[in-house]
Amino acid sequence: MLEFAKGHGTRNDFVLVTDADDARPLTDEEVRFLTDRRAGIGGDGILRAVRGRHIPEWDGDPDVWFMDYRNADASIAEMCGNGVRVFARYLVEEGLVPEGTTEIPIGTRAGLRAAALLDDGRVRVWMGRPATADSGTTVQIGDSNWPATNVDVGNPHAVVLLGEGDELAELDLTRAPGWFPLEAFPSGVNVEFVDELAPGHVRMRVFERGVGETDSCGTGTVAVASAVARAHGETDGRWTVEVPGGKVEVDLAQGEAWLTGPAEIVARGSVRLPGEEIDD
């Protein structure tokens, strides 16, 4: 039986497991089973807590807790802003960091991230240095298309700033938006659509690579704030970003970004993985 926890950050939800010594890597079939909302536990992805020394791509502190993140379709994701907040909360509640810890270094495939647990219950994460570029990418849904800003937050994003006459709620995100040129994102891309509500306040929807439309995407909120700031010729500031699952804050300063929002562990249990025998 696999012990697990279930958590979410603004309804971007994850199944979390601990495997410090990489003794029980999950197969693609097992990842898809665990994230299945009918036959399994259900989630947008899997967060596995493993020591950094066991991750071939990791060349940092071998003892750091590494967030081994898999999308619901079992593909590997470089980074997840909501996930890293939930991961930090999990490490604390599972006793995997010393009691009283409020600053937690976390290894990811996008590099080292630092999470701070705030007094109000939220988690603030340093998200690195987002890179924005207007590189001629076009995003398409049906017969409609828009220019997009490319943003790298350790993973790829194409951000569409909607114009007058575009209705965010009316967009059909039951299928993945198209983009061209295709070579702009050879490994796929997360696509965000944005309405500006007021200065420093935006609303967005997202189609996540390897998952589908989700209620939130942490790296996506950072990408959106970065794209909106670029469009207005700004570099520093705070943006409130509304997503279907709630609200987060993104701070930009001197080329760096911080993401602050809720993170909750809502359940724990054990599950029998496909093909495993039940002990008598």
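**Cores, strands and a cavity in a predicted model**

The largest nonpolar core comprises 50 residues, and within this core the residues with the most contacts are Leu16, Met67, Phe87, Leu91, Ile106, Met127 and Val241. Helix 3, spanning residues 218-231, supplies the largest share of this core, namely seven residues. A second core, separate from the one just described, has 16 residues, among them Ile141, Leu173, Trp179 and Phe207. In soluble globular proteins, nonpolar side chains tend to be buried together. The coordinates analysed here are those of a predicted model.

Met67, one of the residues with the most contacts inside the largest core, is a residue of strand 4, where its side chain points the same way as those of Trp65, Tyr69 and Asn71. Phe66, Asp68 and Arg70 point the other way from this strand, and the residues of both sets are buried. In a regular strand the side chains alternate between the two faces of the sheet. Because seven of the seven residues of strand 4 (residues 65-71) are buried, this strand is largely enclosed by the rest of the structure. When residues up to four places away in sequence are not counted, Met67 touches Leu47, Arg48, Cys80, Gly83, Val84, Phe87, Ile106, Gly107 and Thr108; of these, Phe87 and Ile106 are also listed among the residues with the most contacts inside the largest core.

The pairing of strand 4 involves strands 3 and 5. Strand 3 (residues 45-51) runs antiparallel to strand 4 and is joined to it by seven bridges, with Leu47 having Tyr69 as its bridge partner in strand 4. Strand 5 (residues 103-108), by contrast, pairs with strand 4 in the parallel sense, over two bridges, and here Phe66 stands opposite Gly107.

Tyr69 and Asn71 of strand 4 also take part in the lining of the largest cavity, together with Ala77, Met79, Cys80, Gly81, Asn155, Asn190, Glu208, Arg209, Cys217 and Thr219. The volume of this cavity is about 70 Å³, and the structure holds one cavity of 30 Å³ or more. Cys80, a lining residue of the cavity, is moreover one of the residues touched by Met67.

A further strand with mostly buried residues is strand 19 (residues 256-261), in which five of the six residues are buried, so that this strand, too, is largely enclosed by the rest of the structure. Strand 7 (residues 123-126) is joined to strand 19 by four bridges in an antiparallel arrangement, while strand 18 (residues 246-253), likewise antiparallel to strand 19, is joined to it by five bridges. Leu259 of strand 19 is the bridge partner of Val125 and also that of Val250. Strands 18 and 19 form a hairpin with two residues between them, and in the turn Gln254 has a positive phi of about 50°.

Positive phi values also occur in two loops that flank strand 2. Thr10, located in the loop between strand 1 and strand 2 (12-18), has a phi near 50°, a positive value in a residue other than glycine, and counts as buried at 3% relative accessibility. Asp22, which lies in the loop between strand 2 and helix 1 (28-35), has a positive phi of about 55° although this residue is not a glycine; at 24% relative accessibility, Asp22 counts as partly exposed. A backbone feature of another kind is the cis peptide bond that joins Phe180 and Pro181, for which omega is about 0°. Pro181 is found in the loop between strand 13 (178-180) and strand 14 (190-198).

In strand 1 (residues 2-9), the residue examined was Lys6, which is buried, with a relative accessible area of 16%, a value under the 20% cut-off. The side chain of Lys6 makes a polar contact of 3.3 Å with the side chain of Asp13. With residues up to four places away in sequence left out, Lys6 touches Asp13, Phe14, Val15, Leu16, Ile41, Gly42, Glu264, Ile265, Val266 and Ala267; Leu16 is also listed among the residues with the most contacts inside the largest core. Strand 1 is in addition one of the elements against which the buried residues of helix 1 pack, the others being strand 2, strand 3, strand 4 and strand 20 (264-271). These buried residues of helix 1 are Glu30, Val31, Phe33, Leu34 and Thr35.

Definitions and conventions:
Residues are numbered from 1 along each chain as its sequence is written. This is a predicted model: local features need pLDDT of at least 70, side-chain atom pairs count only at pLDDT 80 or more; totals for chains, interfaces and linings use all residues. Side-chain values use heavy atoms; hydrogens and water are left out. Buried means under 20% relative accessible area, exposed over 50%, partly exposed in between (1.4 Å probe, protein chains only). Two strands pair if DSSP finds at least two bridges between them. A nonpolar core is a set of buried Ala, Val, Leu, Ile, Met, Phe, Trp, Tyr and Cys residues joined through side-chain atoms within 4.5 Å. Contact means heavy atoms within 4.5 Å. A polar contact is a pair of N or O atoms within 3.5 Å; within protein, one must be able to donate a hydrogen and the other to accept it, and residues adjacent in sequence count only if both atoms are side-chain atoms. On a 1 Å grid over the protein atoms alone, a cavity is a set of points where a 1.4 Å probe fits but cannot get out, and a pocket is an open set with protein on both sides within 12 Å along at least five of seven lines; lining residues have an atom within 4 Å of a point. Grid points are joined across faces, edges and corners, and a volume is the space filled by probe spheres set on the points.
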